[in-house]
Amino acid sequence: MINTSTRARLFALSFSLACQSTFAAVSPEQVGQLGSSLTPLGAEMAGNAAGTIPAWTGGLPKDVGTLSATGFLSNPFGNEKPLFTITAQNLAQYQDHLTPGQVAMFKRYPDTYKIPVYTTHRTANAPDAVYQAARENAARTLMVDGGNGLENFSTAVPFPIPQNGLEVVWNHITRYRGGSARRTHVQATPLANGDFVPVYFKQQFTFRDRVTDYDPAHPGNVLFYYKQLVTAPARQAGDVILVHETLNQVQEPRMAWIYNAGQRRVRRAPQVAYDGPYPASEGQRVADNQDMYNGAPDRYDWKLVGKREIYIPYNSFKLDAPDLKYTDIVKPGHINADLTRYELHRVWQVEATLKPGERHIYAKRVFFVDEDSWQIALADHYDARGTLWRTAEGHLEPMYDRQIAWLGTETLYDLVSGRYLVAGMRNEEKQPIEFGFTSSTAEYTAAALRSTGIR
C-alpha cells in the first residue's frame, strides 16, 4: 500500500511533469509534419472540404507584380470582383463565418458597413531561413516563467505547432516582419461625422538579430527595438517614443522612454504598456492595442478555443493604393467599405480572460489569428461587464517582393462611442517602406532621443 507521503510525492511529480509538458517543445514526429501535411510555419497544407479555401502552394511568388519608385506593389488580384457582399440585410446567411465584432458592426452601421468577399488566395510566405528557424524552434523552444517568456528561441514563430492559446499569441508577437523596417504612416481618429486631423509618424523597429552588435551566443532579453517620431500636426511634432521590447517582460519589464519636444526632456515611460494610453490616439486605443496586440501576456489566462473558418481582411492591396487620398479612406463610423477585401481563411481562435486581481480596461479579448501568417486578423474586446466594447481589424497585405506577410492598415472601432482609430495608412506618402536594414543599438538609446525629436 502507498502511504500518504509517498502518494503526495507522486502527485507532486505528476503535476510537475504535466506543467512541464504544457510548455515543452513538440515531438520529432510532429516536427516532421512541417513541410508535409503542414506548411513550414505550421498551417494546414490542404484546403478545406468545401473547396472554398485552397491548398497552400508556397504563397505569392516574389516576381508576381511590380514595385513602384515610391514603394507600392501592384495588385495581383486587381481584376477580381467580389463573389458576394455581406450586408445587414443578408447577415444571417453568413453568420457562421463571422465574429461577434463583425456582427456588432452590422448592427451599429446597418446602412454603410459591408464585407465584400473575394476568392481566397493563400498568399502568405516567408524566406527559407525563417522556415528553418521555425522548424528548429518547434523542437527546442520552451515557454518559461509561467509562459511569460521564451527560451531557446530564434528569429520568428516559436511554436509552429501550438499546443495552447498562449503559444499562438507568442507566434503573433514574434512573427516575421522582415527583421527590421522603417516607414512613414498616418493615423486618424475621426469624430462621429468623419472629420479628422491626420497624425504623421516616422516609425522604425529592428529585431535583435538585425542589430550590428547581436551575439547569438548571448542573445540577451531584448526581442526588438522600436522608435516612433510624430512629425505632424505641429502641436505634437517632435514627440518620440522609444521601446526596448523584452522577450520576458515579467522578468525584465518593457523599457520605454518618451521625449517631449515642448519640454525638451527625456523621461522613462512605464505607462507605454498594457492599458496605458497610446500617444496621439485621443483615447481610442491603449498601448497593447497597437499591432492588434503586443507586449507582456501575464495579466490574462489564455484559452485555445480551436480553429474556425472566418471572413477576414486579406490581400488588401486596394486599401493601400497610391491613387487614394486619406479622405477617400476615412469615413463616418468606419473606413470606406468599398476599399476593403475579405476572404475565407482558417484562423486560430484564442480567448484571453483577465486574471483575478489583475487590472486592465479589457476584461476579455478574443483573437482570430490567421493560420498562414500568425497575424491577428480580427480582435474583439470586452469590458468588465462582459459587454463587447471595441473590435479591431488587421488588413493584411503581403509584401511579396520581400516575402513578408505585412500588416498594412489596422482599425479599432468603439462600438459605444461611434469613434474609431485607423493607423498604418501611407497612400499619399512618397517614401517607400525600407526592410531588412541593420542598426546599431546606439540608435535606440535614451541619449539618442533628443536629436531624433528636434523640430
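**Stop 1: strand β16**

Select β16, residues 404–414, in this predicted model. Colour the strand by burial and you will find it mostly covered, with 11 of its 11 residues buried.

Now add the strand that comes before it in the numbering, β15, at residues 388–399. β15 and β16 run antiparallel to one another and are paired over 10 bridges. To see one of these pairings, pick T391 and look across to its bridge partner in β16, Y413. Then follow the chain through the turn: four residues sit between the two strands of this hairpin. Click on Q403 while you are there, as this turn residue has a positive phi of about 60°.

On to the next partner. Which strand pairs with β16 over four bridges? Select β17, residues 420–425, which pairs with β16 in the antiparallel sense. Show T411 and you will see V422 of β17 standing opposite. Here too the two strands make a hairpin, this time with five residues between them. The turn residue to click on is G418, whose phi is positive at about 85°.

**Stop 2: the largest cavity**

Keep β16 and β17 on screen and turn on a cavity display. The structure has nine cavities of 30 Å³ or more, and the largest of them holds about 450 Å³ of space. To find its centre, select R177, Q203, Y226, Q290 and D291, which are the closest to it among the 30 lining residues.

Which strand gives the most to this lining? It is β16, with four residues. Add β5 (180–188), β6 (199–207), β7 (222–232) and β8 (240–246) to your selection: each of these, like β16 and β17, supplies at least two lining residues. If you colour the lining by class, you should count 14 nonpolar, eight polar and eight charged residues.

**Stop 3: the second largest cavity and L41**

Next, select L41, A124, N125, A126, V130, V157, R175, Y176, D372, S373 and A405, the residues that line the second largest cavity. The space they surround has a volume of about 90 Å³. Seven of the lining residues are nonpolar, two are polar and two are charged.

Stay with L41 for a moment and show what surrounds it. Setting aside neighbours within four places in sequence, L41 is in contact with A126, V130, Y131, A134, V157, P160, D372 and W374.

**Stop 4: the nonpolar cores**

L41 also leads you to the largest nonpolar core, a group of 61 residues. Select L41 together with W170, W302, F367 and W406: these have the most contacts inside the core. Which helix gives the most to this core? Show α6, residues 165–174, which contributes five residues.

There is another core to visit. It is separate, has 44 residues, and includes A188, I329, Y342 and V366. As a general pattern, nonpolar side chains in soluble globular proteins tend to be buried together.

**Stop 5: two pockets**

Switch from cavities to pockets. The largest pocket holds about 270 Å³ of space. Centre your view on D239, I241, I258, P279 and A280, the closest to the pocket's centre among its 17 lining residues. Strands β7, β8 and β9 (255–260) each bring at least two residues to this lining, and β9 has the largest share, with three. By class, the lining has 11 nonpolar, four polar and two charged residues.

Then move to the second largest pocket, with about 210 Å³ of space. Of its 12 lining residues, R182, R183, K202, Q203 and Q204 lie nearest the centre. The elements that supply two or more residues here are β5, β6 and β7. Colour this lining by class and you get two nonpolar, five polar and five charged residues.

**Last stop: A447**

Finish in helix α8, residues 446–452, by selecting A447. Is this residue buried or exposed? A447 counts as exposed because its relative accessibility is 71%, and the cut-off for that label is over 50%. Now add V266 and draw a distance between the two C-alpha atoms: they are 8.2 Å apart in space, although 181 residues separate A447 and V266 in sequence.

Terms used:
Residues numbered from 1 in each chain as written. Predicted model: local features only at pLDDT ≥ 70, side-chain atom pairs only at ≥ 80, totals over all residues. Heavy atoms only, no water. Core = buried A, V, L, I, M, F, W, Y, C linked by side-chain atoms within 4.5 Å. Buried < 20%, exposed > 50% of the residue type's maximum accessible area, 1.4 Å probe, protein only. Contact = heavy atoms within 4.5 Å. 1 Å grid on protein atoms, 1.4 Å probe; cavity = no way out; pocket = protein on both sides within 12 Å on 5 of 7 lines; lining within 4 Å. Points joined across faces, edges and corners; volume = space filled by probe spheres on them. Nonpolar A, V, L, I, M, F, W, Y, C, P; charged D, E, K, R; others polar. Pairing = 2+ DSSP bridges.
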